[in-house]
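Biologist: Thanks for sitting down with me. Could you walk me through the pockets in this one?

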Amino acid sequence: MEKKRVYMCVKRAQDILLSALALVFLFPLLLLIALAVVIDDPKGSPIFSQIRCGKGGELFRLYKFRTMCVDAEEHLEKLLPYNEMTGPAFKIKNDPRITRLGRFLRSTSLDELPQLVNILKGDMSIVGPRPPLYREVKEYTPYQRQRLAVTPGLTCFWQVSPQRNRLSFDAWVELDLRYIREQSWLLDWKLIFQTGRAVLRREGL
């Protein structure tokens, strides 16, 4: 128990330090991406925010670069019959709501960079299961709810899996539960380095 407490303290300190440094050094890139989003689709804000579920199901507002048209949520109901993901999550390969620039940002995971603010605030960690939507969590089984046992993260086993969007939701859950069982400082850094490789290879398709 003491070992786990030390790990959690070190992890939080690491999250604060790395997210703060990243926001400083990546600030020009963040501005450039924000400008590109506005130029690509000037109808809305470059930042998209959405309510997600954190540790224990606690709600928080997640930030990311907007990769969809401004009225994307209004079109979701019509697209639900075409969902290619099993379980409560929703994903389709050629989602018509995604903008031209949005496809590139998603394939490189650059759209997730604003979540560095969430990490700094403590809503998220650098490494951990991806934070789900509230409507998805409402459909979770007790087994699936176990993925809410830890602070959600920017990257995880699922995030670094080649062609991750082709994995079933059950496989996704198993990867998250594996992380929860095995989490350690060394594993966190392994996933951080693998994330860098996945971004360079554009494996987020």
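**Pockets and their linings**

Modeller: Happy to, and keep in mind that this is a predicted model. In the second largest pocket, the lining splits into 12 nonpolar residues, seven polar and one charged.

Biologist: Which element gives the largest share of the lining of the second largest pocket?

Modeller: Helix H1 (2-25), strand S4 (153-155) and helix H8 (185-201) each contribute at least two residues to that lining. The largest share is five residues, and they come from H8.

Biologist: How much space lies in the second largest pocket?

Modeller: Let's start from its walls. Its lining has 20 residues, with Leu26, Leu113, Leu116, Leu154 and Thr195 the closest to the centre. The space in this second largest pocket comes to about 510 Å³.

Biologist: And how much space lies in the largest pocket?

Modeller: Here 48 residues form the lining, and those closest to the centre are Met68, Phe90, Lys91, Arg106 and Asn165. The space in this largest pocket is about 1,200 Å³.

Biologist: How many residues in the lining of the largest pocket are charged?

Modeller: Sorting that lining by residue class gives 19 nonpolar and 10 polar residues. The charged residues in the lining of the largest pocket number 19.

Biologist: Which element supplies the largest share of the lining of the largest pocket?

Modeller: Several elements supply at least two residues each, including helix H3 (72-79), helix H4 (100-108), helix H6 (134-137) and helix H7 (169-182). Strand S1 (47-53) belongs to that group too. The largest share, four residues, comes from S1.

Notes: Residues numbered from 1 in each chain as written. Predicted model: local features only at pLDDT ≥ 70, side-chain atom pairs only at ≥ 80, totals over all residues. Heavy atoms only, no water. 1 Å grid on protein atoms, 1.4 Å probe; cavity = no way out; pocket = protein on both sides within 12 Å on 5 of 7 lines; lining within 4 Å. Points joined across faces, edges and corners; volume = space filled by probe spheres on them. Nonpolar A, V, L, I, M, F, W, Y, C, P; charged D, E, K, R; others polar.
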